Amino acid sequence: MQKVASLPLPSADALDASKALSIVIGDAIAASGGWIGFDRYMSLALYAPRLGYYSGGAAKFGRGADDGSDFITAPELTPFFARTLARQFAPLIGMTLPRVMEFGAGTGRLAADLLLALESDGALPESYSIVELSGELRARQQGTLAQRAPHLAGRVQWLDALPDTFEGVIVGNEVLDAMPVRLFARIGGRWHERGVVRQDDTFAYEDRLLEAAAVPAQFHEMPGDHDVVTETHAEGEGFTRAVGALLKRGAAFFIDYGFPASEYYHAQRVGGTLMCHYRHHAHPDPFLYPGLQDITAHVNFSGIAEAAVDAGLSVAGFASQARFLMNAGITELMMSLDPSDARNFLPQANAVQKLLSEAEMGELFKVIALTRDLDDALPLAGFARGDRTYAL
């Protein structure tokens, strides 16, 4: 395959691990009669114990293919991302919400920089919990905290499951997009679920026709009768309901790339949003190197909002990442840099521009805030202008 040849080759050990995971996935397919839904495939590819992408030892987060990573996230780009979030979180922590919990902590960079910024703002939380299932990522997070914020590392605790209850501030940066999705295809005007079968030494898609009663409700009003491939997000919505069940008082902020349903299921979005990332190359083949590449889908924020409301939460704001960061004061924070110090100023200015630019992360990424039992006068400065909750 040409697209395989155009990508960097894994090491022999990595290929062996990928082959081992392929056997696990193949066994799951065989046990299910020769076909599994794509969500099951994605779950195994990302989270199978010791072999999945997020449970194995791959580098994942970094700045370039030469460091063995596959993609870069906002906290890795610049500390001004965390410093701006801290400006939003500090008033909440001051409102008797002295605990923070993070999902999808990656390298631990966001946790370290948030704690340092909150300390500087006089709003250091009593505790900072990281929900992390991967032993490899947990070790990397511990190393990052020990290096960047050694005097604050003792405030951090790691959880391998959701707590029963929580009061405080929850944050998840690029966590929803990594949750398994179901794939569907409208072909010749009829809906099918797109699943996965074994094909020789790899995997392939196979579509199964759906009875009318089994077609997801969000597809009923999708315009046109042209062929379409798209996704649904039951796992992400279930996760949101679980957050709603545990959050007794506080606010949860999720930052990710995605759209409201009206844009997600737009008639012109015919190919869906599924995408894979390997060594800083984006490509559409989820069957390439199972366990060695990230598999993601954009977030349907309308579904997340509906799940939150079902769980008793309020949607306190929804905005583009650019608007949220500017509202929360990222440009004011940048004024602390000396423009005449080009060696320091230019890299940070370029990184912040990537966070804000419509052509980069500024428009594609969104921020949604979900709250419970907070005053109507809640100081959510990040949504002061440009709030798009109406679009959900």
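A search of the whole structure, which is a predicted model, turns up one cavity of 30 Å³ or more. The largest cavity has a volume of about 50 Å³. Beyond this cavity, the points below walk through helix packing: H5 against H6, H5 against H11, and H2 against H3.

**The cavity**

- Nine names are worth finding in the viewer here: the largest cavity is lined by Leu176, Met179, Pro180, Val181, His233, Gly236, Val299, Asn300 and Ile304.
- Sorted by class, that lining comprises six nonpolar and three polar residues, with no charged ones.

**H5 with H6**

- Helix H5 covers residues 79-94 and helix H6 covers residues 109-120; their axes lie 8 Å apart, and the two pack at an angle of about 55°.
- That angle makes H5 oblique to H6, because it falls outside the ranges for roughly parallel, roughly antiparallel and roughly perpendicular.
- The crossing in which H5 passes H6 is right-handed.
- On the H5 side, the contact is made by Pro79, Phe81, Ala82, Arg83, Leu85, Ala86, Phe89, Ala90 and Ile93. On the H6 side, Arg109, Leu110, Asp113, Leu114, Ala117 and Leu118 take part.
- This contact of H5 with H6 contains 12 nonpolar residues and three charged ones, and no polar residues.

**H5 with H11**

- H5 also meets helix H11, which runs over residues 321-328; the axes come within 9 Å and cross at roughly 65°.
- H5 is therefore roughly perpendicular to H11.
- Here the crossing of H5 past H11 is left-handed.
- Phe81, Thr84, Leu85, Arg87 and Gln88 of H5 make the contact with Gln321, Phe324, Leu325 and Ala328 of H11.
- By class, five residues of the contact between H5 and H11 are nonpolar, three are polar and one is charged.
- Two H5 residues to look at are Phe81 and Leu85: they appear in the contact with H6 and also in the contact with H11.

**H2 with H3**

- Helix H2 (residues 12-31) and helix H3 (residues 38-47) have axes that come within 10 Å and cross at roughly 150°.
- An angle over 145 degrees counts as roughly antiparallel, so H2 is roughly antiparallel to H3.
- H2 and H3 cross in a right-handed sense.
- From H2, Leu21, Ile25 and Ala28 meet Arg40, Tyr41, Leu44 and Ala45 in H3.
- The H2 and H3 contact residues split into six nonpolar and one charged, with no polar ones.

Methods
Residues are numbered from 1 along each chain as its sequence is written. This is a predicted model: local features need pLDDT of at least 70, side-chain atom pairs count only at pLDDT 80 or more; totals for chains, interfaces and linings use all residues. Side-chain values use heavy atoms; hydrogens and water are left out. Axes are lines fitted to C-alpha atoms, for helices over the stretch in contact, and angles run from 0 to 180 degrees between N-to-C directions. Helices (H or I, at least four residues) and strands (E, at least two) are DSSP runs, numbered from the N terminus. Angles under 35 degrees count as roughly parallel, over 145 as roughly antiparallel, 65 to 115 as roughly perpendicular and the rest as oblique. A crossing is left-handed if the near helix is turned anticlockwise from the far one by less than a right angle, and right-handed if clockwise. Contact means heavy atoms within 4.5 Å. Ala, Val, Leu, Ile, Met, Phe, Trp, Tyr, Cys and Pro count as nonpolar, Asp, Glu, Lys and Arg as charged, and the others, Gly among them, as polar. On a 1 Å grid over the protein atoms alone, a cavity is a set of points where a 1.4 Å probe fits but cannot get out, and a pocket is an open set with protein on both sides within 12 Å along at least five of seven lines; lining residues have an atom within 4 Å of a point. Grid points are joined across faces, edges and corners, and a volume is the space filled by probe spheres set on the points.
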